[in-house]
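Colleague: Could you pick one part of this model and take me through it slowly, backbone and side chains together? I'd like to see how you get from one step to the next.

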Amino acid sequence: MFAPFLRGTGTALTLAVCATLVACSGLDNRTRSFVSSLSPYQIEVVQGNFVSKEQVDALKPGMAREQVKDILGTSLLQDVFHGDRWDYVFTLRRQGTEPQARQLTVFFKGDVLDRVEGDTMPSESEFVSLLAKTRSTKAVPVLEADESRLKSFPAPAPVAAASAPQAPVATAYPPLEAPAP
């Protein structure tokens, strides 16, 4: 009773598998690039302290810890075992670009800056231009209306003078709490 049904199901399943295999082999480079472009949106991940070249240039040996903190900000990592070392780490991950990671280590002798080691830091303008390159370059709409555009808007309705007298403004208010008995 079920044998003809199972025989038909097996044939249909075999045809479906064959059709799938033929469809997969039909992918060319254009189709593959289209399919790979359909990736999910990845958010930007910015972590750490960005330190610019200008900030590093402002550091001079012999500066107090507070002066270094005023220039660079609070360090991201302060090692309990190395109290005379501050680490500034910055990472940036964006869709479509290589991840960036920069590190700067500040060493102290006592409460005085001894030396600075780390990656070459970009200037602030270089960093901003790097961020702007990967941003969308769509045209920003004009958000102001010139005189000719203002004339195309309807004129505001005139405000009618109130003919009815206004209620007097309250000068005394009831107490917020009930009086004690």
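Modeller: Sure. By helices and strands I mean DSSP runs, counted from the N terminus: at least four residues of H or I for a helix, at least two of E for a strand. Keep in mind that this is a predicted model. On that footing the chain has 6 helices and 5 strands, and from the N terminus the order reads α-α-β-α-α-β-β-β-β-α-α. Of the 181 residues, 16% count as buried. Contacts between residues 24 or more positions apart make up 49% of those with a separation of 6 or more.

The part I'd pick is helix 4, along with what packs on it. Helix 4 covers residues 65-72, and Arg 65, Val 68 and Leu 72 are buried there. These three span an arc of only 60° around the axis, so they sit on the same side of helix 4. The spacing fits a familiar rule: an α-helix has 3.6 residues a turn, so residues three or four places apart point the same way. Flip to the face turned away from the buried side and you'll find the exposed residues Glu 66 and Asp 70. Right after helix 4 comes Gly 73, with a positive phi near 90°.

So what lies over that buried side? The cover includes helix 3, strand 3, strand 4 and strand 5. One of the buried residues also has a ring contact worth a look: Arg 65 lies over the face of Phe 108, 4.5 Å from the ring centre. Phe 108 itself counts as buried, at 4% relative accessibility.

Now the strands in that cover. Strand 4 (residues 100-109) pairs with strand 5 (residues 112-118) in the antiparallel sense, over 6 bridges. Within that pairing, Val 106 stands opposite Val 116. The hairpin has 2 residues between the strands, and Gly 110 takes a positive phi near 70° there. There's a second arginine over a ring here too: the charged end of Arg 115 sits over Phe 107, 3.9 Å from the ring centre. As for Phe 107 and Phe 108 being neighbours, the general picture is that side chains in a regular strand alternate between the two faces of the sheet.

Next, the rings. A search of the whole structure turns up 4 aromatic pairs. Phe 50 and Phe 90 make one of them, with centres 5.6 Å apart and 70° between the planes, which is edge-to-face. Phe 50 is in the loop between strand 1 (45-48) and helix 3 (53-58), and Phe 90 is in strand 3 (residues 85-93), so this pair ties together parts 40 residues apart in sequence. Phe 50 is partly exposed, at 24% relative accessible area, while Phe 90 counts as buried at 5%. Then there's Trp 86 with Phe 108: their centres are 4.7 Å apart and the planes at 65°, so that pair is edge-to-face as well. Trp 86 belongs to strand 3 and Phe 108 to strand 4, so the pair ties together parts 22 residues apart in sequence. Trp 86 is buried too, with a relative accessible area of 8%. Ring pairs also join Phe 50, Phe 90 and Phe 127 into a cluster.

If you want one residue to centre the view on, I'd take Phe 108: Arg 65 of helix 4 lies over its face, and its ring pairs edge-to-face with Trp 86.

Technical notes
Residues are numbered from 1 along each chain as its sequence is written. This is a predicted model: local features need pLDDT of at least 70, side-chain atom pairs count only at pLDDT 80 or more; totals for chains, interfaces and linings use all residues. Side-chain values use heavy atoms; hydrogens and water are left out. Two strands pair if DSSP finds at least two bridges between them. Rings of Phe, Tyr and Trp (its six-membered ring) pair if their centres lie within 6.5 Å; planes under 30 degrees apart count as stacked, over 60 as edge-to-face and the rest as tilted. Buried means under 20% relative accessible area, exposed over 50%, partly exposed in between (1.4 Å probe, protein chains only). A charge sits over a ring if NZ of Lys or CZ of Arg is within 6 Å of the ring centre and within 35 degrees of the ring normal. Contact means heavy atoms within 4.5 Å. The arc is that of the directions from the helix axis to the C-beta atoms.
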